[in-house]
Amino acid sequence: MASAALEILGLGLCVLGWMGVILASALPMWKVTAFMDHNIVVAQTTWEGLWMTCMVQSTGQMQCKVFESLLALNKELQTGRALTVLASIMGLIGLMVTIVGAQCTNCVREGKVKSWLVAIGGIAFILCGLLLLIPLCWFANIIIRDFYDPTVDLSKKREMGASLYIGWAATALLLLGGSLLCCSCNPHAENAFPVKYAAPRRPTSNGEYDKKNYV
């Protein structure tokens, strides 16, 4: 029963982490405008993401423009797109494999194969987190480097946006949940959700059911 609890907990954490991967990839808040001046009245704020850039006016209006040309993007955006898409696909594969091998499902017969499927799902979730971690750290390094570079114009300096923090939280959930799934793998353990079958009641010679069927 302990392995089943670890399995359910790990799967729940991984699902939350996978949803965080999709959210961090879609939000256009990887880079945000850095407020370098002491003047708090700013006409517009710039948000930059993997798929679009947005301009938020002080009046509350927001205009977004999707990056139309893939080849015109810089290498960090191209790599970030590829790795986040791979991370999302890897998380989906891990989810399907884990559900198939979970102890609370009957998709696969009990045995070593069922336990190994859960472990494979945990490894897929860990890889999902690592794939997302690469562009997160890459973007954070670029932002910090340009922020402290005196040769970079103040209008081009950026700060780390909410997407990076969401991505780091999602990575932590995926690594923890995937580790729990791998730890819950025990090929020699019995099923924590056993299926019990009752023998059918048969009538006696006089057509009535035997009383021992009701004891």
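Is Asp 146 buried, partly exposed or exposed? In this predicted model, Asp 146 counts as partly exposed, because its relative accessibility is 24%. The points below take up the salt bridges, the sheet, the core and the aromatic pairs in turn.

1. Salt bridge at the end of helix 3. The side chain of Asp 146 meets that of Arg 145 in a salt bridge, with an N to O distance of 3.4 Å. Both residues fall inside the range of helix 3, which covers residues 112–147, and the count of salt bridges in the model comes to two.

2. Salt bridge between strands. The other pair to note is formed by Glu 48 and Arg 158, whose side chains meet at 3.1 Å, again N to O. Glu 48 belongs to strand 2 (residues 44–48) and Arg 158 to strand 5 (residues 158–160), so this salt bridge ties together parts of the chain that lie 110 residues apart in sequence. As for the surroundings of the two partners, Glu 48 is partly exposed because its relative accessible area is 24%, whereas Arg 158 counts as buried because its relative accessibility is 15%, which falls under the 20% cut-off.

3. Order of the sheet. Strand 2 and strand 5 both belong to an open sheet of five strands, which has the order 4-3-2-1-5 and antiparallel pairing. Its edges are formed by strand 4 (62–66) and strand 5, each of which pairs on one side only. On average, and with direction ignored, neighbouring strands of this sheet are turned by 25 degrees against each other.

4. Pairing within the sheet. Strand 1 and strand 2 run antiparallel and are paired over two bridges, and here Val 32 has Trp 47 in strand 2 as its bridge partner. Strand 2 is in turn joined to strand 3 by five bridges, also in the antiparallel sense, and Glu 48, already met in the salt bridge with Arg 158, has Thr 53 in strand 3 as its bridge partner. Strand 3 (residues 52–57) pairs with strand 4 over five bridges, likewise antiparallel, and in this pairing Val 56 stands opposite Met 62 of strand 4.

5. Hairpins. The connection from strand 2 to strand 3 is a hairpin that passes through three residues. Strand 3 and strand 4 form a hairpin as well, with four residues between the two strands, and Gly 60 in that turn has a positive phi of about 105 degrees.

6. Helix against sheet. Helix 3 lies across strand 1 (31–33) and strand 5, and its direction makes an angle of about 140 degrees with that of strand 5.

7. Nonpolar core. The largest nonpolar core holds 23 residues, and among these Val 21 and Phe 125 touch the most other members. Two or more residues each come from helix 1 (2–26), helix 2 (75–101), helix 3 and helix 4, with helix 3 giving the most, namely eight residues. As a general background, nonpolar side chains tend to be buried together in soluble globular proteins.

8. Contacts of Val 21. Which residues does Val 21 contact once its neighbours within four places in sequence are left aside? The contacts of Val 21 are Ala 87, Ser 88, Cys 128, Leu 132, Ala 170 and Leu 174. Set against the residue ranges, Ala 87 and Ser 88 lie in helix 2, while Cys 128 and Leu 132 lie in helix 3, and Ala 170 and Leu 174 lie in helix 4, which spans residues 162–183.

9. Aromatic pairs. The model has three aromatic pairs by count. One of them joins Phe 147 and Tyr 148 in an edge-to-face arrangement, at 5.2 Å centre to centre and with 80 degrees between the planes. Phe 147 counts as partly exposed because its relative accessibility is 24%, whereas Tyr 148, at 64%, counts as exposed because that value is over the 50% cut-off. Another edge-to-face pair is made by Tyr 165 and Trp 168, at 5.8 Å centre to centre and with 75 degrees between the planes. Both of these residues lie in helix 4, three residues apart, which corresponds to about one turn of the helix. Tyr 165 counts as partly exposed because its relative accessibility is 46%, and Trp 168 is partly exposed too, with a relative accessible area of 27%.

Methods:
Residues are numbered from 1 along each chain as its sequence is written. This is a predicted model: local features need pLDDT of at least 70, side-chain atom pairs count only at pLDDT 80 or more; totals for chains, interfaces and linings use all residues. Side-chain values use heavy atoms; hydrogens and water are left out. Rings of Phe, Tyr and Trp (its six-membered ring) pair if their centres lie within 6.5 Å; planes under 30 degrees apart count as stacked, over 60 as edge-to-face and the rest as tilted. Buried means under 20% relative accessible area, exposed over 50%, partly exposed in between (1.4 Å probe, protein chains only). A nonpolar core is a set of buried Ala, Val, Leu, Ile, Met, Phe, Trp, Tyr and Cys residues joined through side-chain atoms within 4.5 Å. Contact means heavy atoms within 4.5 Å. A salt bridge is a side-chain nitrogen of Lys or Arg within 4 Å of a carboxyl oxygen of Asp or Glu. Two strands pair if DSSP finds at least two bridges between them. Axes are lines fitted to C-alpha atoms, for helices over the stretch in contact, and angles run from 0 to 180 degrees between N-to-C directions.
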